[in-house]
Amino acid sequence: MSTPPPDAASDPRRPTLRAKRLRLQTQSEPVVILRSDCHVSRSEGFAARSQILLSNNGHEVQATLYQIDDEELLALDEAGLSESAWEILNVSEGEAVQVSHAPTLESLASVRRRIYGARLDGAAFDAIVHDVVAGRYTEVHLAAFLTAGAAFPLDEAEIYELTRAMVEVGDRLEWDASIVVDKHCVGGLPGNRTTPIVVPIVAAHGLSIPKTSSRAITSPAGTADTMETLAPVELDLATLKHVVDTEGGCIAWGGAVHLSPADDRFVKIEREMDVDTEGQLIASVLSKKLAAGATHVVFDIPIGATAKVRTQEDGDRLARLAEAVAARFGLRICCLKTDGSQPVGRGIGPALEAFDVLAVLKNEADAPDDLRQRAALIAGAALEIGGKARAGTGAQLALETILDGRAWAKFQSICAAQGGLRTPPRACCSEALTAPVSGRVVHINSRKLARLAKLAGAPAAPAAGVVMDIRLGSEIERGQPMLHVHAETQAELDYALDYAARSPDIIEVELPT
C-alpha cells in the first residue's frame, strides 16, 4: 500500500494556496476547485479530475480536482473546497493549504487484476480496504472494485479475507455477555421492518442484542431510517454501550460508530449504482456483526420473483456461503429462507413502516399480522440459538412477548435510553392508485413498488412512501384503492403517480373467469 511520507503534511517545499470554503455539497467525495490558469496547477501539471493531496496542520485529504475559468469565484492563489474536504482539513478561511500530487495507489493494481479474472489474497484486500478507509479511492475506483466482484463473484476464501480486512480497520465492541445476538435481512422486500420488533423481544428475555443498522442502500427505507422517526439513532460508542448495558439492546445507525468504516463507503456507491453483489453483501453483513461483538446471528433471506434473492437456488447458495464464511470466524449463524413474494406490512417508507411497527408492538386491532408473524419467526430463531427457547418453540414465545406487552415496554425503554420516543411524521399529500378492473390480485412487483416509494421522496423525505391496501389473493373491484402514495410535496406526488400510470404491472389483477 502506498502512503505519503510521514512529514508530507509539513513539507515546506510543497506549494501552498489559500483555502476558500465554497459550501459545495458533494456527499462524501472531497473536491477541490482551482483556476485553470493557477500557477500551481501549471507548475505541478494538474489536470481536471486529477487526484491531489491537500494538507494543513497535520490534516490531509485526497480530493478530486475540477478547474474553472471564473475570475470572480476564485483568485489565482485560492483553492475552493467542498464541504467534505473543508471538514476533513479543519481549515479556516484564507489559511494556507499545501498542495501536491496524490501518492500512487498500488492497491489499484489488485482491482485491475480482479477485473480481468484473477483471485485476490488477504494482502491485496488489506491494501484495498486500508486505502478505501483512508479516502484514497475515488468513486470511480470504488465502483470498479464493487463491479469486479459482480460478474465474476468472490469465492468463499475471498469473502473471508475481505470481511476480515473490513473488520480490522474499524472499531470493535466487546461485551461481558457470553452470548450476543444479532440479526440481518438481505433486503429487497419493501416494508420488511422487523428489527424494531425483534430487538425488544430478544432483550426482554435477557439476551444482549446490540443492533447496528444501515440506512437505505437501494430501498425506500433502511432500518436506521425507520428507527430515526421513532428515536435518535446516531449514537456514539459510549452511548451505544450504555444503552445495551442498561436495556439489553439498541437499534442504532452503524455509520455513526466507526464499525467497519470501509463498508460505509462501499454502501454509498452501491446506493448510487443500485447494486448489491453476493460476496460484498456477505462481507458487509458479517463485518458489521463481528465488529459489533455478535456471537450468534439470524440471517433472513426473503426469496421471491421481484425480491433481491430471486430463486430458492440463489437463496441456498447465499446461505451456504454465509454459513461457511461465518464458521471461519467462529460465528454461529442461523439462515432463514422466507417468503419474499410480496411486501410485508402496509407501509413502505421510513415513517409509514414505523406506524406498522408501533401497531404490532402496541397490539392494535388492525396491526399487520404478516409483519407480526415474520418478526416472531426471526425473534424466535434468536431466542432458540441464544438458549432461551427449545428448538421449535421460539416463535410462539416471541408472539407471547408481543401479546403480553413485554416487547412494547422494552421498546419504550430502549427508545428512552437512546434519547426519547418520537412520533413519526405524516405526509401532507396523498392519493390513491385504483384498480383498473375487477378481479383478483395475482402479482405484486416489489421492485417497482420500491421505485414508486422512492419517487415519492422516500427515504430522504421520511413521511413519503406507499401504503398498501391489498395483498396477494385480494378480491378487488374496479376503482377500489390498491395503494396510496404519500409525499411531502405535490410535485413529488405527481411525479410518483406519473410513474405508476406508466407501470401497469406494479400490481396485476386477474379478471374473473
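Q: Is Asp131 buried or exposed, and what is its relative accessible area?
A: In this predicted model, Asp131 is found in helix H4, which covers residues 122-133. Buried is the term for a residue under 20% relative accessible area. Asp131 falls within that class and is therefore buried, its relative accessible area being 0%.

Q: With which side chain does the side chain of Asp131 make a polar contact?
A: The C-alpha atom of Asp131 is separated by 7.9 Å from that of Leu105, a residue 26 places away along the chain. A polar contact requires a pair of N or O atoms within 3.5 Å. At 2.7 Å, the side chain of Asp131 has such a contact with the side chain of Ser107.

Q: Is His141 buried or exposed, and what is its relative accessible area?
A: The place of His141 is in helix H5, made of residues 139-148. The cut-off for a buried residue is under 20% relative accessible area. His141 meets this cut-off and so counts as buried, with a value of 18%.

Q: Leaving aside neighbours within four places in sequence, which residues are in contact with His141?
A: Contact here stands for heavy atoms within 4.5 Å. Once the neighbours within four places in sequence are set aside, the residues in contact with His141, itself a member of helix H5, are Leu105, Leu108 and Arg136.

Q: Which element gives the most residues to the lining of the largest cavity?
A: The largest cavity has a volume of about 90 Å³, and its lining includes Glu139 and Leu142 as well as Arg265, Lys268, Ile269 and Glu272. By class, that lining divides into 2 nonpolar, 2 polar and 5 charged residues. Both H5 and H10 supply at least two residues each, but the most, 4 residues, come from H10.

Q: How many polar residues are in the lining of the second largest cavity?
A: About 70 Å³ of space lies in the second largest cavity, and among the residues that line this cavity are Ser28, Gln51, Gln62, Thr64 and Arg265. The division of its lining by class gives 2 nonpolar and 3 charged residues, while the number of polar residues is 6.

Q: How many residues does H10 bring to the lining of the second largest pocket?
A: The second largest pocket holds about 650 Å³ of space, and of the 29 residues that line it, those closest to its centre are Val133, Pro261, Asp264, Arg265 and Lys268. Its lining is made up of 13 nonpolar, 7 polar and 9 charged residues. Strand S4 (59-68) and helix H10 (261-273) each supply at least two residues to the lining, and the largest share comes from H10, with 7 residues.

Q: Why is one side of S16 and of S18 left without a neighbour in the sheet?
A: The strands S16, S14 and S18 form an open sheet of 3 strands in the order S16-S14-S18, with antiparallel pairing. Strand S16 (475-476) and strand S18 (507-510) stand at the edges of this sheet, and one side of each is left without a neighbour because each has a single partner strand.

Q: Over how many bridges do S14 and S18 pair?
A: Two strands count as paired if there are at least two bridges between them. Along the pairing of S14 with S18, Ile444 stands opposite Ile507 in S18. Strand S14, residues 439-444, pairs with S18 in the antiparallel sense, and the number of bridges is 4.

Key. Residues numbered from 1 in each chain as written. Predicted model: local features only at pLDDT ≥ 70, side-chain atom pairs only at ≥ 80, totals over all residues. Heavy atoms only, no water. 1 Å grid on protein atoms, 1.4 Å probe; cavity = no way out; pocket = protein on both sides within 12 Å on 5 of 7 lines; lining within 4 Å. Points joined across faces, edges and corners; volume = space filled by probe spheres on them. Nonpolar A, V, L, I, M, F, W, Y, C, P; charged D, E, K, R; others polar. Buried < 20%, exposed > 50% of the residue type's maximum accessible area, 1.4 Å probe, protein only. Polar contact = N/O pair within 3.5 Å; in protein donor to acceptor, adjacent residues only side chain to side chain.
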